[in-house]
Amino acid sequence: MRTLVASKAPTTLAILAMLACAPAAQVHAQGTVAGTITMNKQLELPNVVVFLDGVQGTFPAPDKPVEMNQHGLQFIPKVLPIVKGTTVNFLNEDPILHDVFSPDPCAEKLNLGTWPKDIVRTFKFANAGCRSVLLCNIHPGMEGWIVVFDHPFFAKPAEGGRFTIPNVPPGKYQVKTWHKKVKSKGAPVELKAAESVTVDLSL
Ligand SMILES: [Cu+2]
């Protein structure tokens with residue numbers, strides 16, 4: 001008598017195959033928002049964050065921490081965009097003491113204290129929408145910014161102001177920018193599946 005294979009529960013291999021296929025289907029539907037940011041103060045371009053507003057859904061923080069270093073009496077990068085729930089590693093690369101604190105309530109007024117070269121202290125930023133300044137008690141000229149989103153659809157402009165935001169789900173968004181002083185005008189985009197849309201913004 002033949003065994004009715006079809007009536008059996010799915011094998012482990014079959015379940016793994018189904019799990020492997022599911023994300024692939026999503027990736028095909030996603031698109032890209034790219035373009036160029038121009039501003040009068042070109043030197044400030046690395047301190048701009050371009051992002052999508054109006055994103056639906058929830059997105060996990062990355063498993064691994066991201067880094068903001070202290071090097072040459074500066075926070076590097078000076079502006080760090082992250083997803084809510086991301087842990088930031090603060091490494092001191094200078095042969096002197098540094099300190100990290102923030103007066104901002106959205107960053108829980110963090111105060112990591114003072115520490116020497118090659119030591120890392122960490123902090124998890126839990127609040128989306130937080131634009132938190134970071135300061136060093138010892139060096140008043142030092143200033144960094146953590147910019148927290150509830151999704152991963154953001155980018156820092158590269159050379160020439162060019163940016164790319166990949167893996168964007170289809171939808172209608174506003175492309176906006178954040179800079180500590182220069183206000184964003186924003187521009188609407190509508191993205192269909194697996195499409196690439198170009199937006200140029202002038203600040
Ligand atoms: Cu310092």
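**Overall architecture, two open sheets and the setting of Glu44**

The secondary structure of the protein chain comprises 1 helix and 16 strands, where helices (H or I, at least four residues) and strands (E, at least two) are DSSP runs numbered from the N terminus. The structure is a predicted model, in which local features need pLDDT of at least 70 and side-chain atom pairs count only at pLDDT 80 or more, whereas totals for chains, interfaces and linings use all residues. Residues are numbered from 1 along each chain as its sequence is written. Of the 203 residues in the protein chain, 27% are buried, a residue being buried if 20 or more other C-beta atoms, placed from the backbone, lie within 10 Å of its own, exposed if 12 or fewer do, and partly exposed in between. Among the contacts in the protein chain with a separation of 6 or more, 63% are made by residues 24 or more positions apart, two residues being in contact if their C-beta atoms, placed from the backbone, lie within 7 Å.

Strands of a sheet pair through backbone hydrogen bonds, either parallel or antiparallel; for the present description, two strands pair if DSSP finds at least two bridges between them. One open sheet of 4 strands follows the order S12-S2-S14-S15, with antiparallel pairing. Its edges are formed by strand S12 (154–155) and strand S15 (187–191), each of which has a single partner strand, so that one side of each is left without a neighbour in the sheet. Within this sheet, S2 and strand S14 (residues 171–178) run antiparallel and are joined by 5 bridges, and Val50 has Thr177 in S14 as its bridge partner.

A further open sheet, also of 4 strands, is arranged in the order S4-S3-S6-S9, and its pairing is mixed. Strand S4 (74–76) and strand S9 (120–124) stand at the edges, and because each has a single partner strand, one side of each lacks a neighbour in the sheet. From one strand to the next, the twist averages 25°, with axes taken as lines fitted to C-alpha atoms and angles running from 0 to 180 degrees between N-to-C directions. Strand S3 (residues 66–71) and S4 run antiparallel and are connected by 3 bridges, with His71 standing opposite Gln74 in S4.

Glu44 lies in the loop between strand S1 (31–38) and strand S2 (49–53). Glu44 is partly exposed, because 17 other C-beta atoms are found within 10 Å. Apart from its neighbours within four places in sequence, Glu44 is in contact with Met39 and His179. The C-alpha atoms of Glu44 and Val182 are separated by 9.7 Å, although these residues are 138 residues apart along the chain.
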